[in-house]
Amino acid sequence: MTAIHSRAPVLTIRAGQRAMQRLKDKPLTPDDVHVIPGAAGGPKALGISGLDKAIFGDWLPGVEQERTLIGSSIGSWRFAAVASSNDPKTQLARLAELYTAQRFAKGVSPAEVSRKSVLFLEELLGGHEDYLLNHPWYRLNIVVVRSLGMLEHDTRGRLGLGLMNAISANMVSRRHLGRFMERGIIHDARLKAPVSKLVDFPSHEVALTRENLMPALLASASIPMVMSGVRNIPGAPEGVYRDGGLLDYHLDLPYEQPGIILYPHFTDKVVPGWFDKTLPWRRGDATRLQDVLLIAPSREYLDTLPDRKLPDRKDFEKYVGDNTGRERSWRRAIAESDRLGDEFLELTETGKLMDAIRPL
């Protein structure tokens with residue numbers, strides 16, 4: 001393996017204040033990790049597939065202990081793949097290939113995207129449900145939002161108006177989003193969600209079951225105007241459920257856990273909600289992030305990829321009429337991401353992780 005100092009780093013690593021102090025006192029080992037968040041971000045997840053494989057396939061199995069996986073949107077799909085088999089590397093590769101192979105006609109309807117997403121989840125997880133629900137150490141938490149008011153509708157006019165109102169309210173203050181949606185966490189029945197009392201928005205917690213697993217995963221990734229809302233998740237309050245990233249884009253939550261929160265991420269910053277993407281002043285709360293160790297691709301690494309970025313949803317438009325070109329670009333990004341995993345393993349094995357960490 002090439003020595004780290006002889007090449008540009010492929011990872012950016014940042015740590016919250018308490019995590020930084022803890023890692024100064026003791027090098028990171030798998031027994032430190034009890035909670036792992038997974039952000040919303042669509043195809044960006046493909047671009048860190050190799051990092052996920054290294055963490056879940058090589059590093060964490062070194063210590064078999066109870067760990068909570070909490071994700072919104074594609075984050076929940078990644079973690080469902082991880083927890084659905086004793087071979088997470090194969091399942092993560094399957095997730096990446098199934099996502100890459102998706103093709104949508106121009107002007108595809110939200111109902112059709114939802115239909116294909118159901119088939120996607122069934123192909124990825126079908127027959128693995130019981131293993132996931134009874135995994136020996138992973139505990140899956142799926143973040144969704146329950147729509148309120150105009151956001152309950154799937155007609156473009158009403159839903160579009162509701163979204164515009166929500167965006168305007170969020171510009172004033174993030175707390176105003178509570179008028180438009182409430183948070184739901186569908187969590188492994190064996191363990192409560194890894195968060196302290198949630199007071200920022202109306203929130204509810206529901207036990208994960210075989211009946212609500214697939215509806216919750218579908219809802220967690222149901223982007224308004226792109227996919228249809230999911231009505232009445234079994235066991236949850238009645239209503240229309242949508243993408244968990246609307247409220248919890250990068251999962252800036254008040255975590256409750258005893259160690260390091262290991263956060264394999266697409267970027268080196270934490271953006272609280274989906275509507276905050278264009279608001280550079282809206283960033284994660286340092287108090288909530290104090291135990292986080294965030295691992296993301298470096299700018300130098302991104303510059304080596306096709307289009308100098310991770311795959312993203314805009315590629316469906318950029319490569320319209322050229323699915324083969326998009327798929328080739330994405331598969332190269334997926335293959336290159338093994339370098340992210342290699343560097344993470346090298347840093348942890350050599351004890352040089354602390355040298356690479358910067359404040360979050």
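**Salt bridges, cavities and nonpolar cores**

Asp315 is buried, its relative accessible area being 2%. In this predicted model, the residue takes part in a salt bridge with Lys309, in which the closest N and O atoms lie 2.8 Å apart. Lys309 has a relative accessibility of 24% and therefore counts as partly exposed, the buried class being confined to values under 20%. The bridge thus joins a buried residue, Asp315, to a partly exposed one, Lys309.

Both partners of this bridge also belong to the lining of the second largest cavity, together with Pro306, Asp307, Leu310, Pro311, Ser329, Trp330 and Ala333. The volume of this cavity is about 30 Å³. Helix 11, which spans residues 323-336, contributes the largest share of the lining, namely three residues. By character, the lining consists of five nonpolar residues, one polar residue and three charged residues.

A search of the whole structure returned two cavities of 30 Å³ or more. The largest cavity encloses about 40 Å³ of space. Its lining is formed by Ala45, Leu46, Ser49, Asp52, Arg78, Leu92, Leu95 and Ala96. Helix 2 (49-59) and helix 4 (88-100) each provide at least two of the lining residues, and helix 4 makes the greatest contribution, with three. Five residues of this lining are nonpolar, one is polar and two are charged.

Helices 2 and 4 are also connected by a salt bridge, with Asp58 located in helix 2 and Lys89 in helix 4. The distance from N to O in this pair is 2.9 Å. The two residues are 31 residues apart, and the pair links distant parts of the chain. Asp58 is classed as partly exposed because its relative accessibility of 39% falls between the limits of 20% and 50%. Lys89, at 32% relative accessibility, is likewise partly exposed.

In total, the structure contains 31 salt bridges. Side chains of opposite charge can pair when their charged atoms come close. A further example is the bridge between the side chains of Glu336 and Arg339, with an N to O distance of 2.9 Å. Glu336 is partly exposed at 26% relative accessibility, and Arg339 is partly exposed with a relative accessible area of 32%. Elsewhere, salt bridges with shared partners connect Glu97, Arg103, Arg326, Glu327 and Arg331 in one network.

The nonpolar interior was examined next. In soluble globular proteins, nonpolar side chains tend to be buried together. The largest nonpolar core of the model comprises 93 residues, and the members that touch the most other members are Phe56, Ile142, Leu262, Leu293 and Phe344. Helix 3, covering residues 74-83, gives the most to this core, supplying seven residues. A separate core of 13 residues lies apart from the largest one and includes Leu159, Leu163, Leu177 and Leu247.

The surroundings of Ile142 were considered with residues up to four places away in sequence left out of the count. On this basis, Ile142 is in contact with Gly71, Ser76, Gly184, Ile185, Ile186, Leu208, Leu213, Ala216, Leu217 and Ser220.

How values were computed: Residues numbered from 1 in each chain as written. Predicted model: local features only at pLDDT ≥ 70, side-chain atom pairs only at ≥ 80, totals over all residues. Heavy atoms only, no water. Core = buried A, V, L, I, M, F, W, Y, C linked by side-chain atoms within 4.5 Å. Buried < 20%, exposed > 50% of the residue type's maximum accessible area, 1.4 Å probe, protein only. Helix = DSSP H or I, 4+ residues; strand = E, 2+ residues; numbered from the N terminus. Contact = heavy atoms within 4.5 Å. 1 Å grid on protein atoms, 1.4 Å probe; cavity = no way out; pocket = protein on both sides within 12 Å on 5 of 7 lines; lining within 4 Å. Points joined across faces, edges and corners; volume = space filled by probe spheres on them. Nonpolar A, V, L, I, M, F, W, Y, C, P; charged D, E, K, R; others polar. Salt bridge = Lys/Arg side-chain N within 4 Å of Asp/Glu carboxyl O.
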